[in-house]
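Please open the model in your viewer and keep the sequence panel beside it, since each stop on this tour is a selection to make and a short account of what is there.

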Amino acid sequence: LEYNPRYFKGFITMSLFYETGYGLENRKEYYYLEVAPGQGQYAWKDYNNNLIKEVNEFEVAQFSDQARFIRIYTPTNNYIKVLQNQMSVSVNLRPGAILRNPQNSAQKFANRWIIQSAMRVDNKTSDNKSADNFNPFLSVNDTLLIANNNNLRQSVFFNQSSPVFGADYTYINNQSKQLLTNGIEKRTIISHEIRWRLNFFKAWAINSNSIFSQKGNRSQLFSTRNYLVESYESEQKLIYQPNTYLRISAIYKYTQKQNIIEGGLQKALLNTYAMEIKFNQTEKGSLTGRADYIQIDFNDTQNSPIAYEMLNALNKGENFTWELSYQRNLNNNIQISINYNGRKTPNVNAVHLGGAQIRAFF
């Protein structure tokens with residue numbers, strides 16, 4: 001079922017989609033396969049130092065040189081009856097669609113706002129002969145659960161098209177469960193984000209971004225992977241752009257994280273100082289460079305899944321990261337890109353990574 005209405009000359013636009021299906025599905029298990037460096041999604045961290053790649057030792061890679069593994073799902077001989085239903089809803093409110101020529105201050109103020117909401121629910125359950133399974137909002141018991149994904153995003157924009165000042169607020173709530181051969185694995189991400197920008201004088205601007213979030217993981221088999229990290233991040237960026245081809249940014253980011261799950265006492269404090277320069281030649285190419293100094297304080301051992309998550313794959317102490325990229329248009333349909341990045345963490349040799357790409361447009 002699909003329905004896409006528009007009301008009041010586009011002031012309200014909606015999209016509604018519902019789908020259901022029934023069949024057999026085999027229970028899945030997974031393993032990690034090593035690929036060429038930079039071509040994967042996961043990094044291997046030998047937490048127990050036994051040189052054996054175990055399933056609970058793989059993390060989503062934070063840096064491309066660590067991305068050496070992909071996750072492969074393999075079918076088993078255990079088949080179960082599955083009922084799947086999926087529903088997605090989106091609603092957009094745009095007062096400017098009906099207030100094209102605002103006459104007073106109240107209408108001008110309302111004209112500056114845009115509200116967007118989107119929700120998606122995707123359930124896979126074992127068939128227990130109940131009609132309630134067709135309800136996408138049903139709270140599914142773990143005994144019937146095969147997979148569950150709930151995603152909610154709400155955004156409010158103010159002065160989105162203004163060249164002087166604009167702000168927005170975004171709320172995200174993503175929750176997922178999946179039944180694997182080793183039990184149920186649950187992941188959650190909840191965040192509140194506030195961003196604003198201000199262009200003052202002619203060449204100066206300030207961008208601010210603040211996020212309060214909770215990120216959790218719970219596994220029935222691997223208790224060492226259970227955590228709930230509460231974090232606060234605030235990034236301030238001062239931008240100097242005297243013309244259309246040069247932009248210089250000074251950046252400071254403060255990050256505070258704490259594992260608030262029962263018994264978790266890990267705390268991390270990250271202070272990041274960065275400088276970014278971008279040089280752009282119209283219709284020819286661009287050169288971008290950035291360097292970061294990251295000071296990290298952490299009160300627990302670094303060789304654990306929670307430490308990898310809280311420290312962004314870096315180490316306690318003084319960390320340095322840098323990157324340089326150059327993009328050039330050779331003619332109307334050929335583009336070349338050259339990238340280099342590196343990092344230096346305490347007690348680890350510097351890592352350097354470079355690459356090049358050529359694109360042809362037809």
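With the whole chain selected and a surface drawn, note that its accessible surface comes to about 21700 Å², of which 53% belongs to carbon and sulfur atoms. What is displayed is a predicted model, and its C-alpha trace spans about 65 × 60 × 50 Å along the principal axes. Switching to a cartoon, you will find two helices and 18 strands in the chain. Of the 362 residues, 34% count as buried, and among the contacts with a separation of 6 or more, 58% are between residues 24 or more positions apart.

**The largest pocket**

Select Q62, E233, K253, K257 and N312 next: among the 31 residues that line the largest pocket, these lie nearest its centre. The volume of this pocket is about 870 Å³. If you now colour the strands β10 (183–200), β11 (204–219), β12 (227–240) and β13 (246–259), and then β14 (267–281), β15 (285–298), β16 (317–329) and β17 (334–344), you will have marked elements that each supply at least two residues of the lining. Which classes of residue make up this lining? Its residues divide into eight nonpolar, twelve polar and eleven charged.

**The second largest pocket**

Move on to the second largest pocket, whose volume is about 730 Å³. It is lined by 44 residues, and the ones to select are R71, S176, Q178, E185 and R187, which are the closest to its centre. Coloured by class, the lining of this second largest pocket shows 17 nonpolar, 14 polar and 13 charged residues.

**N217 and its partner R187**

Keep R187 displayed and add N217, which lies in strand β11, because the side chains of N217 and R187 are joined by a polar contact of 3.4 Å. Is N217 buried or exposed? With a relative accessible area of 4%, N217 counts as buried, since the cut-off for that class is under 20%. To see what surrounds N217, show E185, K186, R187, R225, N226 and Y227, all of which N217 touches when residues up to four places away in sequence are not counted.

**Q335 in strand β17**

The next selection is Q335, whose place is in strand β17. Here too the residue is buried, the relative accessible area of Q335 being 12%. Draw the distance from the side chain of Q335 to the side chain of N329, where you will find a polar contact of 3.0 Å. Once neighbours within four places in sequence are left aside, the residues in contact with Q335 are Q327, R328, N329, Q357, I358, R359 and F361.

**Two loop residues with positive phi**

Finish in the loops, beginning with N49, which lies between β4 (42–44) and β5 (58–60). Although N49 is not a glycine, its phi is positive, at about 55°. N49 counts as exposed, with a relative accessibility of 61%.

Then select N347, in the loop between β17 and β18 (351–360). What is the phi of N347? It is near 65°, a positive value in a residue other than glycine. N347 also counts as exposed, at 83% relative accessibility.

Notes:
Residues numbered from 1 in each chain as written. Predicted model: local features only at pLDDT ≥ 70, side-chain atom pairs only at ≥ 80, totals over all residues. Heavy atoms only, no water. 1 Å grid on protein atoms, 1.4 Å probe; cavity = no way out; pocket = protein on both sides within 12 Å on 5 of 7 lines; lining within 4 Å. Points joined across faces, edges and corners; volume = space filled by probe spheres on them. Helix = DSSP H or I, 4+ residues; strand = E, 2+ residues; numbered from the N terminus. Nonpolar A, V, L, I, M, F, W, Y, C, P; charged D, E, K, R; others polar. Buried < 20%, exposed > 50% of the residue type's maximum accessible area, 1.4 Å probe, protein only. Polar contact = N/O pair within 3.5 Å; in protein donor to acceptor, adjacent residues only side chain to side chain. Contact = heavy atoms within 4.5 Å. Areas by Shrake-Rupley, 256 points an atom, 1.4 Å probe, with all protein chains shown as cover.
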